[in-house]
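User: Hi! I would like to go through this model with you, one question at a time. Could you take me through the reasoning behind each answer?

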Amino acid sequence: MMNGIWLSFQRLALEMMEADLMPATLSVINLRKHYGDVTAVDGVSFEVARNEIVGLLGPNGAGKTTTINMILGVLEPSAGTICIEEVDLARHRSRALERTNFAAVYAALPGNLTVAQNLRIFGMLYGVKELSTRIRELIEQFDLVKFRDTKYGLLSSGEQTRVSLAKAMLNEPSLLLLDEPTASLDPATAREIRSQIRAFALQGTSGVLWTSHNMYEVEDVCDRVLFLSHGKILLEGDPKTLPREHGKATLEDLFIQVAREPLTLQD
Ligand code: ATP
């Protein structure tokens, strides 16, 4: 009996050590983006570990979407390095992006294709194996069975979000980027989607980078948050303890201070 417990303890310790040694799924070093005179992202560095959900927070115009678009390879950085699964995006673009996926309200899927057709086309683009099975699983997981043959453009915005999330999980990405994924969902669906994304992050070796303006959601779902203001990371930490560390009662209070008086939080 004692031997069994000892062996389980050793296995657990080994797994924890291996997890510590595994490289981050995303590594961003000194990233910058200038649009003419506007500096949208100003020397940002951070990592997303495996099984970790990191919240990228900040007021409107802080640089969140610009950061995400550079990680997606849609925008070229003015400076800095992005590595996905240790592959440098600037040097090996396709290899870095093949295990990445993304969902955002503003990135609509083709509206004249049905839900199933959309998932099939994106699945083929990502080279998903056993695609019909994967599509069936995702349609069930995201409660889309009755919309299978409905054109995406005819769905409500909440239903479209669920299809976009299903699309984002098609290739079981190592890095999942979500730009306000629950913005158009009703509270019950948003809760369900949060738990599905959390399960996704826990089950394999994936990391998730998540932007949201909903501080309740961020506290509920994120393991770590980065507060961005004027293109710089001002604060970083556990969303459950960070407010108290800065003398605030809630994450929302802290967010408002970062948005209004960013300089008071800089060392
Ligand atoms: P939000 O919460 O409102 O979505 P955000 O944090 O995602 O904001 P970004 O969209 O990254 O912010 O914008 C960062 C800054 O860069 C803003 O000041 C914005 O006006 C500016 N910006 C973004 N895109 C361009 C562009 N193509 N040309 C010029 N300026 C831009």
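**Questions on the predicted model**

Analyst: Gladly! Let us start with Ser157, which has its place in helix 6. Please keep in mind that this is a predicted model.

User: Is Ser157 buried, partly exposed or exposed?

Analyst: Buried would need a relative accessible area under 20%, and exposed would need over 50%. Ser157 has 42% relative accessibility, so this residue counts as partly exposed.

User: How far apart in space are Ser157 and Leu185, C-alpha to C-alpha?

Analyst: In sequence, Ser157 and Leu185 are separated by 28 residues. In space, the distance from C-alpha to C-alpha is 7.8 Å.

User: Let us stay in helix 6 with Lys167. Which side chain of opposite charge is nearest to Lys167?

Analyst: Lys167 sits in helix 6, which covers residues 157-169. Although buried, Lys167 has no salt bridge. A salt bridge needs a nitrogen and a carboxyl oxygen within 4 Å, whereas the nearest side chain of opposite charge is 12 Å away and belongs to Asp179.

User: With which side chain does Lys167 make a polar contact?

Analyst: Lys167 has no salt bridge, but its side chain does make a polar contact. The distance is 2.9 Å, and the partner is the side chain of Asn101.

User: Now the ligand, please. Which helix gives the most residues to the shell around the ligand?

Analyst: The residues around the ligand include Tyr35, Asn60, Lys64, Thr65, Thr66 and His213. By type, the shell divides into 4 nonpolar, 6 polar and 1 charged. The most, 3 residues, comes from residues 64-71, which form helix 2.

User: How much of the ligand's area does the protein bury?

Analyst: Here are the close approaches to oxygen atoms of the ligand. A side-chain N or O atom of Asn60 is 2.9 Å from one, a polar backbone atom of Gly63 is 2.9 Å from one, and a side-chain N or O atom of Thr65 is 2.7 Å from one. Taken alone, the ligand exposes 650 Å², and the share of this that the protein buries is 58%.

User: Why is helix 2 said to be largely enclosed by the rest of the structure?

Analyst: The buried residues of helix 2 are Lys64, Thr66, Thr67, Ile68, Asn69, Met70 and Ile71. Helix 2 is largely enclosed by the rest of the structure because its buried residues number 7 of the 8.

User: Which residue with a positive phi follows helix 2?

Analyst: The phi in question is near 80°. The residue that follows helix 2 with this value is Gly73.

User: Which residue in the loop between strand 2 and strand 3 is worth a look for its backbone?

Analyst: The loop between strand 2 and strand 3 (53-57) holds a residue that has a positive phi of about 65° without being a glycine. With a relative accessible area of 30%, this residue is partly exposed. Its name is Asn51.

User: What is the phi of Glu85?

Analyst: Glu85 has its place in the loop between strand 4 (79-84) and strand 5 (87-88). At 27% relative accessibility, Glu85 is partly exposed. Its phi is positive, in a residue other than glycine, and lies near 50°.

User: On to the salt bridges. How many residues apart are Lys232 and Asp42?

Analyst: The structure holds 11 salt bridges. In one of them, Lys232 pairs with Asp42, with the closest N and O atoms 3.0 Å apart. This pair links distant parts of the chain, strand 10 (residues 232-237) and strand 2 (residues 38-48), and the separation is 190 residues.

User: In the salt bridge of Arg91 and Asp88, which residue is buried?

Analyst: The two side chains meet at 3.5 Å, N to O. Arg91 has a relative accessible area of 66% and is therefore exposed. The other partner has 15% relative accessibility, so the buried residue is Asp88.

User: And in the salt bridge of Arg148 and Asp149, which residue is exposed?

Analyst: The closest N and O atoms of this pair are 3.6 Å apart. Arg148, with a relative accessible area of 36%, is partly exposed. Its partner reaches 60% relative accessibility, so the exposed residue is Asp149.

User: Last one: which residues are linked with Arg194 in a network of salt bridges?

Analyst: Side chains of opposite charge can pair when their charged atoms come close. The residues linked with Arg194 in this network are Arg198, Glu217 and Asp220.

Notes
Residues are numbered from 1 along each chain as its sequence is written. This is a predicted model: local features need pLDDT of at least 70, side-chain atom pairs count only at pLDDT 80 or more; totals for chains, interfaces and linings use all residues. Side-chain values use heavy atoms; hydrogens and water are left out. A residue is near a molecule or strand if one of its heavy atoms lies within 4 Å of it. A polar contact is a pair of N or O atoms within 3.5 Å; within protein, one must be able to donate a hydrogen and the other to accept it, and residues adjacent in sequence count only if both atoms are side-chain atoms. Accessible areas come from the Shrake-Rupley method with a 1.4 Å probe; for residues, only the protein chains shown count as cover. Helices (H or I, at least four residues) and strands (E, at least two) are DSSP runs, numbered from the N terminus. Ala, Val, Leu, Ile, Met, Phe, Trp, Tyr, Cys and Pro count as nonpolar, Asp, Glu, Lys and Arg as charged, and the others, Gly among them, as polar. Buried means under 20% relative accessible area, exposed over 50%, partly exposed in between (1.4 Å probe, protein chains only). Lys and Arg count as positive and Asp and Glu as negative; His and the chain ends are not counted.
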